[in-house]
Amino acid sequence: MEDFFKHQSCGITICDKEGIVLYMNEQSIKTFGDKRGSNLYACHPPYAVEKINQMLIDGSDNCYTIEKNGLKKLIFQTPWKNEQGEIGGLIEYSFVIPFEMPHYVRK
């Protein structure tokens with residue numbers, strides 16, 4: 001199967017319920033190094049580990065912005081589910097966004 005996410009301009013990282021990194025696209029590897037097979041809990045401070053655990057329990061999403069290395073990024077983390085509908089892990093999307101970004105209200 002073709003990897004549709006491989007060359008996306010956003011970083012995509014996927015882990016299982018134990019925090020083992022299953023997938024990283026090229027942008028994610030460029031940002032973090034190749035962490036496939038590693039546990040993402042080792043890369044996060046305690047407050048982030050707590051948030052990750054909560055998302056894995058209740059299925060909630062987490063969305064925030066960061067500034068790092070002169071770039072502003074939108075981080076969106078969301079659980080993925082297996083074929084039985086159970087939470088199987090998390091997907092993290094990391095998008096570089098402009099510091100001044102238009103906002104539109106649509107009807």
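**Figure 1. Asp-34 and Arg-36 form a salt bridge, with their closest N and O atoms 2.5 Å apart.** Welcome to this predicted model, which we visit in a series of close-ups. Side chains of opposite charge can pair when their charged atoms come close. The count of salt bridges here comes to one. Is Asp-34 buried, exposed or partly exposed? Asp-34 counts as partly exposed, because its relative accessibility is 44%, between the 20% and 50% cut-offs. Arg-36 is also partly exposed, with a relative accessible area of 44%.

**Figure 2. Asp-34 sits in the loop between α1 (26-32) and α2.** Which residues does Asp-34 touch once its neighbours within four places in sequence are set aside? They are Met-24 and Ile-29. For a sense of scale, take Lys-81 as a landmark: Asp-34 and Lys-81 are 47 residues apart in sequence, and their C-alpha atoms are 24 Å apart in space.

**Figure 3. The protein chain as a whole has two helices and five strands.** Before the next close-ups, here is the setting. Following the sequence, the elements come in the order β-β-α-α-β-β-β. The C-alpha trace spans about 40 × 35 × 35 Å along its principal axes. The chain has 107 residues, of which 31% count as buried. About 7700 Å² of the protein chain is exposed, and carbon and sulfur atoms supply 55% of that area. If we take the contacts between residues at least 6 apart in sequence, 30% of them join residues at least 24 apart.

**Figure 4. Nine residues make up the largest nonpolar core.** Its members are Cys-15, Val-21, Met-24, Leu-40, Ile-52, Met-55, Leu-56, Ile-87 and Leu-90. Which elements each supply at least two residues of this core? They are β2 (21-24), α2 (46-58) and β5 (87-97). The greatest contribution comes from α2, which gives three residues. Look next at Leu-56, a member of this core. Beyond its neighbours within four places in sequence, Leu-56 is in contact with Lys-17, Tyr-41, Ile-87, Gly-89 and Leu-90. Two of these partners, Ile-87 and Leu-90, are listed in the core as well.

**Figure 5. A second core of five residues is separate from the largest one.** Among its members are Cys-10, Ile-12, Tyr-23 and Ile-91.

**Figure 6. Ile-14 is a buried residue of strand β1.** Why does Ile-14 count as buried? Its relative accessibility is 18%, and the cut-off for buried is under 20%. Setting aside residues up to four places away in sequence, Ile-14 touches Ile-20, Val-21, Leu-22, Tyr-23, Trp-80, Leu-90 and Ile-91. Val-21 and Leu-90 in that list are members of the largest nonpolar core, while Tyr-23 and Ile-91 belong to the second core. How far is Ile-14 from Met-24 in space, C-alpha to C-alpha? The distance is 6.5 Å, although the two residues are 10 apart in sequence.

**Figure 7. Tyr-93 and Phe-95 form a stacked aromatic pair.** The structure holds one aromatic pair, and this view is devoted to it. The ring centres of Tyr-93 and Phe-95 are 6.3 Å apart, with 15 degrees between the planes. The pair counts as stacked because planes under 30 degrees apart fall into that class. Tyr-93 is partly exposed, with a relative accessible area of 23%. Phe-95 counts as partly exposed too, at 32% relative accessibility.

**Figure 8. Met-1, Phe-4 and Phe-5 form a nonpolar patch on the surface.** How much accessible area do these residues have together? The patch comes to about 460 Å². Of its members, Phe-5 lies in the segment before β1 (11-16). Phe-5 is partly exposed, with a relative accessible area of 43%.

**Figure 9. Asn-69 has a positive phi, near 55 degrees, in a residue other than glycine.** Where is Asn-69 placed? Look for Asn-69 in the loop between β3 (62-68) and β4 (71-81). Asn-69 counts as exposed because its relative accessible area is 72%, and the cut-off for exposed is over 50%.

How values were computed: Residues numbered from 1 in each chain as written. Predicted model: local features only at pLDDT ≥ 70, side-chain atom pairs only at ≥ 80, totals over all residues. Heavy atoms only, no water. Patch = residues over 30% accessible without salt bridge, like charges linked within 9 Å, V, L, I, M, F, W, Y side chains within 5 Å. Areas by Shrake-Rupley, 256 points an atom, 1.4 Å probe, with all protein chains shown as cover. Salt bridge = Lys/Arg side-chain N within 4 Å of Asp/Glu carboxyl O. Helix = DSSP H or I, 4+ residues; strand = E, 2+ residues; numbered from the N terminus. Buried < 20%, exposed > 50% of the residue type's maximum accessible area, 1.4 Å probe, protein only. Phe/Tyr/Trp six-rings, centres within 6.5 Å; stacked < 30°, edge-to-face > 60°. Core = buried A, V, L, I, M, F, W, Y, C linked by side-chain atoms within 4.5 Å. Contact = heavy atoms within 4.5 Å.
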